[in-house]
Amino acid sequence: MKSTAHRQSYGVKGAPYAHPSPTTTLKRARSAPYLFLLPATVLFALFFALPIGYAVWLSFRKVKVSGLGLGSGARTEVWAGLENYTDALSDSELLDGTLRVLGYGCIVVPVMLGLALLFALMLDSDKVRLAPFTRLAIFLPYAVPGVVAALLWGFLYLPDVSPFSFVLDRLGLPQPDLLDGGPLYLALSNIAVWGGTGFNMIVIYTSLQAIPAEVYEAAKLDGATPTQIALRIKIPMVAPSLVLTFFFSIIATLQVYNEPTTLKPLTNSVSTTWSPLMKVYRDAFGDGDIHGAAAQAVIIAFVTLLLSFGFLRAANRRQKQEAAR
């Protein structure tokens, strides 16, 4: 009778079983991570890298019209070089939209991150009550889609249907028009702050929860007050999270589109070129200038990448300097 080890060295039909060599096993082990990454890589290439490459290719092309533009061969696509980029950089509407977005960002980013940090510090306090419910209530607006949130706030801004206007009217107080002039920036900023504060608060609050309790105990033994602990221990230790949330907020600000587009039917103060992305959409699908819109989109993406890279590099340099001290 054959032993168990001897039987395991043969196949089902009695043929010798060839064990894989160490080289083959090593190759399989090295290729396993790439096999797991393959689905994500294919999706990234199809739905991210390929559209970006196509947009860059379109930005160097233009439509040449021959004669009256009638007939099958009257409109042909030709090479344009940097013509679309020079036109985009000299476009006053794109520059005005960029300035409006910068003003909008100067309101949104400091207020949103300041509130997120304040709420995170309050929830991290030992004296807070109903912390899970409060945390969920602050985060919940982030779960509301941007278009839905803009519609809700838009109707609250309209004097004819807003309950706030009704209350102010009954009290004999003036009713400000939040959808016209300077208050429009505050109205749009309020929507972004209401929707984004919860996400940033969760990021900062998670970093606060990761701080060891021994640090707080040592500070309390030294006589530090809760305010001193928050200012001198908590905020410096969550600085990486603040940098991350600031980075995400800058990108979201430069790409603002949902809020002004949704409020546009409710007021004449929001034009079709209020933000750079709105102008790209109008030129591409309203005016049919898809090549010029592609050049504008590439410029916006490049500026966003440049600002993000510069900010992250400056933040990393500062952290290294502080660590060296």
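Reader: In which helix does Thr-197 lie, and what makes Thr-197 count as buried?

Author: Thr-197 lies in helix α8, where helices (H or I, at least four residues) and strands (E, at least two) are DSSP runs numbered from the N terminus. Its relative accessibility is 5%, and buried means under 20% relative accessible area, with exposed over 50% and partly exposed in between (1.4 Å probe, protein chains only), so Thr-197 counts as buried. The model is a predicted one, in which local features need pLDDT of at least 70 and side-chain atom pairs count only at pLDDT 80 or more, while totals for chains, interfaces and linings use all residues. Residues are numbered from 1 along each chain as its sequence is written, and side-chain values use heavy atoms, with hydrogens and water left out.

Reader: Which residues does Thr-197 touch, not counting residues up to four places away in sequence?

Author: With that exclusion, Thr-197 touches Met-112, Leu-115, Ala-116 and Phe-119, a contact being heavy atoms within 4.5 Å.

Reader: Why is Leu-121 called buried, and what does Leu-121 touch?

Author: Leu-121, which lies in helix α4, has a relative accessibility of 18%, a value under the cut-off for buried residues, and therefore counts as buried. Leaving out residues up to four places away in sequence, Leu-121 touches Leu-208, Ala-230, Lys-234 and Ile-235. The C-alpha atoms of Leu-121 and Met-201 are separated by 9.1 Å, although these residues are 80 residues apart along the chain.

Reader: Which residues touch the most other members of the largest nonpolar core?

Author: They are Tyr-104 and Trp-274, in a core of 21 residues; such a core is a set of buried Ala, Val, Leu, Ile, Met, Phe, Trp, Tyr and Cys residues joined through side-chain atoms within 4.5 Å. Helices α4 (92-123), α6 (146-157) and α8 (183-209) each supply at least two residues of this core, and the largest share, six residues, comes from α8. A second, separate core of 17 residues includes Ala-120, Leu-121, Tyr-216 and Val-238.

Reader: How do you know that α10 is oblique to α11?

Author: The axes of helix α10 (residues 226-237) and helix α11 (residues 239-254) come within 4 Å and cross at roughly 55 degrees; axes are lines fitted to C-alpha atoms, for helices over the stretch in contact, and angles run from 0 to 180 degrees between N-to-C directions. Angles under 35 degrees count as roughly parallel, over 145 as roughly antiparallel, 65 to 115 as roughly perpendicular and the rest as oblique, so the crossing makes α10 oblique to α11.

Reader: Which residues make the contact of α10 with α11, and how do they divide into nonpolar, polar and charged?

Author: Ile-235, Pro-236 and Met-237 of α10 meet Ala-239, Pro-240 and Leu-242 of α11. They divide into six nonpolar, no polar and no charged, where Ala, Val, Leu, Ile, Met, Phe, Trp, Tyr, Cys and Pro count as nonpolar, Asp, Glu, Lys and Arg as charged, and the others, Gly among them, as polar.

Reader: What makes Glu-83 and Lys-62 a salt bridge?

Author: Their side chains meet at 2.9 Å, N to O, and a salt bridge is a side-chain nitrogen of Lys or Arg within 4 Å of a carboxyl oxygen of Asp or Glu, so the pair satisfies the rule. By this rule the count comes to eight salt bridges. Glu-83 lies in helix α3 (residues 83-89) and Lys-62 in strand β1 (residues 61-65), so the pair ties together parts that are 21 residues apart in sequence. Glu-83, with a relative accessible area of 35%, is partly exposed, and Lys-62, at 29%, counts as partly exposed too.

Reader: Which residues do salt bridges that share partners join into one network?

Author: Arg-282 meets Asp-283 at 2.9 Å, N to O, and Asp-287 at 3.6 Å, N to O. Arg-282 is partly exposed at 22%, Asp-283 is buried at 6% and Asp-287 is exposed at 52%. Shared partners join Asp-91, Glu-93, Lys-279, Arg-282, Asp-283 and Asp-287 into one network.

Reader: How do you know that Lys-279 is buried?

Author: Lys-279, placed in helix α13 (residues 276-286), has 1% relative accessibility and therefore counts as buried. Apart from neighbours within four places in sequence, Lys-279 is in contact with Asp-91, Glu-93, Leu-94, Thr-272, Thr-273 and Gln-296. The buried residues of α13 pack against α4, α12 (258-263) and α14 (290-324).
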